[in-house]
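Visitor: Could you take me through how the interior of this protein is packed, one question at a time?

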Amino acid sequence: MRDTEVLRRRLWAQIGLPLATAALLSGCDSSPEVKPVKVERDQVDDSKAEAKADGQKVARKTTSSAAPGYVPPGRIEDIPDGEFDYFGPARDPFTDHEEEDGCPAGDWCGKPEDARKFAVQHIPDKLGCPSKIIAQPQVTNTLKKSEKRWDGLSFHPMMQGRLMTSVTEEKRAAGNKDICCYHWFEYCSGRPLLDGDDMVVAELREGSGWSCDPAEVAAPADRPDSQLDPATRARLGQLWAEDGLMEHAAIAAFERATLELMAMAAPPNLLGEVQAAAADEVEHATRCFGLAARFSGLAREPGPLTSLEPRVRGLASASPEAPEVAEDWVRLALDTFVEGCVGETIATLIARRAQRRCEDPATLTVLAGIVDDEGRHAGLAWQTIAWIAEASGPHRELVLAALERQAEAMAAEAERACEQLPPPDPQAEILARYGRCDRRVELLARRDAWTDLILPTFRALADADARERGPEAWT
């Protein structure tokens with residue numbers, strides 16, 4: 001039986017959907033193989049990836065972007081000692097963003113007026129172009145996405161991109177005077193903490209206050225980590241540190257969700273589950289930082305996190321029929337769907353697939369907890385959607401229509417991302433033994449989550465006649 005069917009049966013039992021319907025929606029056959037297509041980006045030689053994983057600074061062969069061997073700087077700490085920062089404050093973000101690892105990414109060039117449709121307003125322009133772009137569903141829903149001018153751009157609601165100044169300047173020098181070029185990626189981990197459409201995480205700093213007891217995540221005596229090469233250990237440590245930051249931010253995401261749900265008069269059982277989910281994320285974060293310390297040998301913890309206000313005004317501010325109340329119900333539904341139903345469901349499937357080939361006992365224990373907890377969190381998000389659909393009363397159809405548009409757009413993006421799969425990571429086998437999926441596996445998991453879990457669940461919830469209460473099963 002496919003892993004997605006196992007997860008769907010548990011999910012549907014938790015949220016009270018009839019399991020007979022789940023059995024009808026898919027069989028136990030394996031998903032069709034998608035042949036990888038060579039992608040143009042990320043053709044940097046393996047030595048760059050290995051050096052980054054080992055924490056070394058990348059030695060560039062030249063500072064001329066037109067010359068072979070050119071590797072642009074990304075962050076100021078990546079610039080080798082003695083080499084000046086020749087891009088100044090407008091450095092191109094070619095090196096991987098900390099939140100980008102394993103997520104779909106790409107490049108896009110377009111006219112400034114097209115880029116401005118997705119601009120982050122409070123960030124100053126560069127070269128007459130928005131410095132940063134983010135997905136804005138209210139904009140993308142009005143566009144004809146098949147037009148050539150959008151080729152290469154992601155419309156995923158979790159997309160964010162940064163201006164590539166050197167590429168923009170080169171294309172303008174070659175004759176295309178009216179252009180702005182961007183590198184984008186889609187945030188794809190767990191439940192994010194969002195500020196508008198921008199994702200928020202704390203900065204890493206020295207400290208061990210967020211690491212669990214080292215004995216809880218220690219390597220087995222017969223397979224010490226010293227058998228791993230230093231570059232692999234450094235890469236595993238960084239991956240778990242990044243996961244720790246995501247889990248840390250998820251605590252705040254659940255706490256904000258509590259305030260938003262209270263503003264819309266949510267029942268106590270729903271609020272209690274949201275608070276319990278926040279406590280789960282505390283444990284996930286400490287285990288992730290514990291594994292990060294084990295592999296890297298570094299004591300690191302999250303620093304301060306930006307405080308964010310609730311995104312809904314609440315029922316106390318207007319009459320139930322007021323237009324702003326309808327906007328609040330739609331906003332609450334879409335945020336819950338994107339952050340919880342989508343993020344937590346995908347995180348559950350990725351963690352379950354990471355379990356398949358994991359041979360490290362401590363990591364297996366951490367993954368088992370994540371699969372169980374994130375699965376319940378996904379169910380909680382779907383329960384919240386069901387409650388919103390019922391509690392929103394006259395606004396129910398508006399809420400469901402907005403959710404349907406959002407779901408269809410995101411599902412289509414997940415499918416398109418698998419049309420050009422990257423080749424397997426050169427370290428995919430060793431990463432798998434230590435409970436990590438490479439980017440290709442994660443993209444396929446995202447597609448399968450949409451096809452077998454998210455879309456079927458949404459369609460069943462949207463059908464009022466199908467919502468029959470069933471037993472709780474995620475235990």
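Guide: A nonpolar core here is a set of buried Ala, Val, Leu, Ile, Met, Phe, Trp, Tyr and Cys residues joined through side-chain atoms within 4.5 Å. Please keep in mind throughout that this is a predicted model.

Visitor: Which helix gives the most residues to the largest nonpolar core?

Guide: The largest nonpolar core has 79 residues, and those with the most contacts inside it include Phe 337, Trp 382 and Trp 450. Among the elements that give two or more residues to this core are helix 1 (3-15), helix 9 (323-356) and helix 13 (439-462). With 15 residues, the element that gives the most to this core is helix 9.

Visitor: How many residues are in the second, separate core?

Guide: This second core is separate, and it includes Cys 129, Leu 153, Cys 180 and Trp 184. Its number of residues is 16.

Visitor: Are the rings of Phe 337 and Phe 458 stacked or edge-to-face?

Guide: Phe 337 lies in helix 9 and Phe 458 in helix 13, 121 residues apart, so that the pair links distant parts of the chain, and both residues are buried. The ring centres are 6.4 Å apart and the planes stand at 65 degrees. Since planes over 60 degrees apart count as edge-to-face, the pair of Phe 337 and Phe 458 is edge-to-face.

Visitor: Which residue has its charged end over the ring of Trp 240?

Guide: The charged end in question sits 4.6 Å from the centre of the Trp 240 ring. The residue that it belongs to is Arg 436.

Conventions
Residues are numbered from 1 along each chain as its sequence is written. This is a predicted model: local features need pLDDT of at least 70, side-chain atom pairs count only at pLDDT 80 or more; totals for chains, interfaces and linings use all residues. Side-chain values use heavy atoms; hydrogens and water are left out. Buried means under 20% relative accessible area, exposed over 50%, partly exposed in between (1.4 Å probe, protein chains only). Helices (H or I, at least four residues) and strands (E, at least two) are DSSP runs, numbered from the N terminus. Rings of Phe, Tyr and Trp (its six-membered ring) pair if their centres lie within 6.5 Å; planes under 30 degrees apart count as stacked, over 60 as edge-to-face and the rest as tilted. A charge sits over a ring if NZ of Lys or CZ of Arg is within 6 Å of the ring centre and within 35 degrees of the ring normal.
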